[in-house]
Amino acid sequence: GSGFRVAMRDLELRGAGNLLGIEQSGHMLSIGYELYCKLVEEAVAELKGISEEERNFEADTGVELGVSAFLPERYVQDEITRLDMYKRIASIHTKDDWNEVFDEITDRFGDPPMEATNLMDVAMIRNQASKLGISKIVKQLSKIVFLFEESNALSPEVFAKLMDAYGPAVTIYGGKQPRLTLSYAQGNILPQVARLLSKFDPKED
């Protein structure tokens, strides 16, 4: 819609570059995707008549995990189609959403490269973390750090589940900016982040 096109134009005017094909050293600039998601959300919210106060209820989560996450031009060659797929991927909130998008892009473009599935993982992580009041997820050396916006983000039940699942590998800090750190195990970092976020789900054992 027009609101989405305005958001994309605003993104380019802010200096993030051409998101449709932005690649630097083999990956999309993280600030481009984060700003892209924010602008898309704002445009959609305005079209739906959602107030700024309502939009601010959830955290504006930044994800900086050092992974290659973008749609390569060789995979989705048409710019308009690629734009539409970025919009589609940005809407992934659940594993069911993820599977639906995966099936769609596989049917349309063939088996997705790692960069594309990473982008889908990052979108789902970002959306889930946003609802949990997590303002940022960042890899720092051998740790994955989760920064919270609210001091009461961790309930006693979640705290107990995290300690049962991770033991000394997880550390929780209070204070003005609560944070949680998880020792990074070698391998793909995205499933590790997704698994920790799943512990906030009351249905997850």
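**A walk around helix α5 and its surroundings**

The buried residues of helix α5 are Trp-98, Val-101 and Ile-105, where buried means under 20% relative accessible area, exposed over 50% and partly exposed in between (1.4 Å probe, protein chains only). Looking down the axis of α5, you'd find these buried residues within an arc of 70°, so they line one face of the helix; that arc is taken from the directions from the helix axis to the C-beta atoms. An α-helix has 3.6 residues a turn, so residues three or four places apart point the same way. Flip to the other side of α5 and Asp-96 and Asp-107 are exposed.

A word on what you're looking at: this is a predicted model, in which local features need pLDDT of at least 70 and side-chain atom pairs count only at pLDDT 80 or more, while totals for chains, interfaces and linings use all residues. Residues are numbered from 1 along each chain as its sequence is written, and side-chain values use heavy atoms, with hydrogens and water left out.

Back to α5, which takes in the 15 residues 95–109. At 1.5 Å a residue (times one less than the number of residues), α5 should span 21 Å, and its end C-alpha atoms are 21 Å apart, which agrees. Right after α5 comes Gly-110, with a positive phi near 95°.

So what covers the buried residues of α5? The cover includes α4 (79–90) and α6 (114–131). Those two helices pack against each other at an angle of about 40°, with their axes 8 Å apart. The axes are lines fitted to C-alpha atoms, for helices over the stretch in contact, and angles run from 0 to 180 degrees between N-to-C directions. α4 and α6 are therefore oblique to each other, since angles under 35 degrees count as roughly parallel, over 145 as roughly antiparallel, 65 to 115 as roughly perpendicular and the rest as oblique. Tyr-86, Ile-89 and Ala-90 of α4 meet Leu-119, Met-120, Ala-123 and Asn-127 of α6, a contact being heavy atoms within 4.5 Å.

Now for some strands. β3 (residues 143–148) and β5 (residues 179–183) pair in the antiparallel sense over five bridges; pairing takes at least two DSSP bridges. Leu-147 has Arg-179 of β5 as its bridge partner. β4 (residues 170–173) also runs antiparallel to β5, joined by four bridges, and Ile-172 partners Leu-180 there.

Zooming out, the protein chain has eight helices and five strands, which are DSSP runs (H or I, at least four residues, for helices; E, at least two, for strands) numbered from the N terminus.
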